[in-house]
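Open the structure in your viewer and keep the selection tool at hand. The stops below say what to select next and what is there.

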Amino acid sequence: PTGVDETQGQYGRMRQYWEIPRKDVRLMDVLATGSYCEVWRAKMKKNSDSKDITKVAVKKVLDDASEQGRKFFLAEMEVLKMLKTHPSVIKLIGCYTLNEPWMLMVEYAKEGTLQKYLQKHRPGEQEVQINNVNEQSVHMKTTNNKLDAHRLLVLAAQVVSGLLHLQKFKLIYYRLSASSVLVSKCGICKLSGFGFPQDVTERNLYEKDSYPIRWMAPESLKDRVFTVKSDVWAYGILVWEILNFGMKPYHDIESNDSVQDQVLSGYRLPQPTHCSTEL
Ligand code: ACK
């Protein structure tokens, strides 16, 4: 139970009860398929008696999802229920767990992942020059919806405010990157993807070889230990992704194994040419 949230109509007023009638949700098309669930774009009645419809994203458990996958789905649902509403964290609208397949309804982030958003709004090369963090001396003025220096810093700040919110709940994000952040229609960053139990050993067993190597701090690479501090490291990598308009970190190093070796021997991401030393 997360108390009262007056912003969500019928479903908002009794947040102890998150279940939404299945008939109120219409799945439209698949946005993505993961190992244990699909993400759908969907339409949902704002409440059972009204004709008002809202767009949502639905995470639906696959029929053949493993026990572990189901556990992760429930873990994400519990985390989202617990987190109070925050503008930089994806909002839970409701869930359907009375019958299978289980579903989780969250706010729809029209722009998709931050990585995709950054790539889409990348300005032309001659327009990019972030010389200084002071607003007067930022040299990156763009037109046509392209991202300018001020906007990039705002995106970075929005992610931080989401992370500070998570910290209040003692949550480690663990998988922070530009592709785990979503962007709303109004261009606001929303942290999403909380489908990992906080128990690191269990998570690691499941993850096997799919560690987020390029976002991992040296101590995590060495001992597979994740803390709030390693989240801060990942945040640094994410800021690099923002400043480089969604470029892959260490893009010139082909394999993750080599990235791991190089970071452990002291190699660090280079300062973007258009970015001031201060920043
Ligand atoms: O960049 P995308 O189209 O937007 O591809 C990813 C994909 O699913 C895997 O995360 C999309 N996605 C996930 N959650 C949402 C959401 N709440 N709103 C909109 N798109 C979403 C995401």
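Select strand 4 and strand 5 (residues 103-107): 4 bridges join them, and they run antiparallel. Strands, like helices, are DSSP runs numbered from the N terminus, with at least two residues (E) for a strand and at least four (H or I) for a helix. Now pick Tyr 96; its bridge partner in strand 5 is Met 103.

This is a predicted model: local features need pLDDT of at least 70, side-chain atom pairs count only at pLDDT 80 or more, and totals for chains, interfaces and linings use all residues. Residues are numbered from 1 along each chain as its sequence is written.

Widen the view to the whole sheet. Its 5 strands follow the order 1-2-3-5-4, open, with antiparallel pairing; two strands pair if DSSP finds at least two bridges between them. Strand 1 and strand 4 (92-96) are the edges, each pairing on one side only. From one strand to the next, the twist averages 25°.

Next, select helix 2 (residues 67-82). Helix 2 lies across strand 2 (37-45), strand 3 (53-61), strand 4 and strand 5, at about 140° to strand 4. Such angles run from 0 to 180 degrees between N-to-C directions, with axes fitted to C-alpha atoms, for helices over the stretch in contact.

Move to the other sheet. Here 3 strands form an open, antiparallel sheet in the order 6-7-8. Strand 6 and strand 8 (189-191) stand at the edges with a single partner strand each, so one side of each has no neighbour in the sheet. Add helix 4 (residues 149-168), which packs on this sheet and touches strand 7 and strand 8. The direction of helix 4 makes about 30° with that of strand 8. Between strand 7 (residues 181-183) and strand 8 there are 3 bridges. Zoom in on Leu 182: its bridge partner in strand 8 is Lys 190.

Now for the interior. Select Val 56. Val 56 touches Ala 42, Met 44, Ile 93, Met 105, Val 106, Glu 107 and Tyr 108, leaving out residues up to four places away in sequence. Contact here puts C-beta atoms, placed from the backbone, within 7 Å.

Last stop: the ligand. Which residues are closest to the ligand? Select Ala 32, Ala 57, Ala 109, Gly 112 and Thr 113, the closest of 13 residues that surround it. A residue is near a molecule if its C-beta atom, placed from the backbone, lies within 6 Å. Strand 1 (25-33) and strand 6 (112-113) each give two or more residues to this shell.

Key
Contact = placed C-beta atoms within 7 Å.
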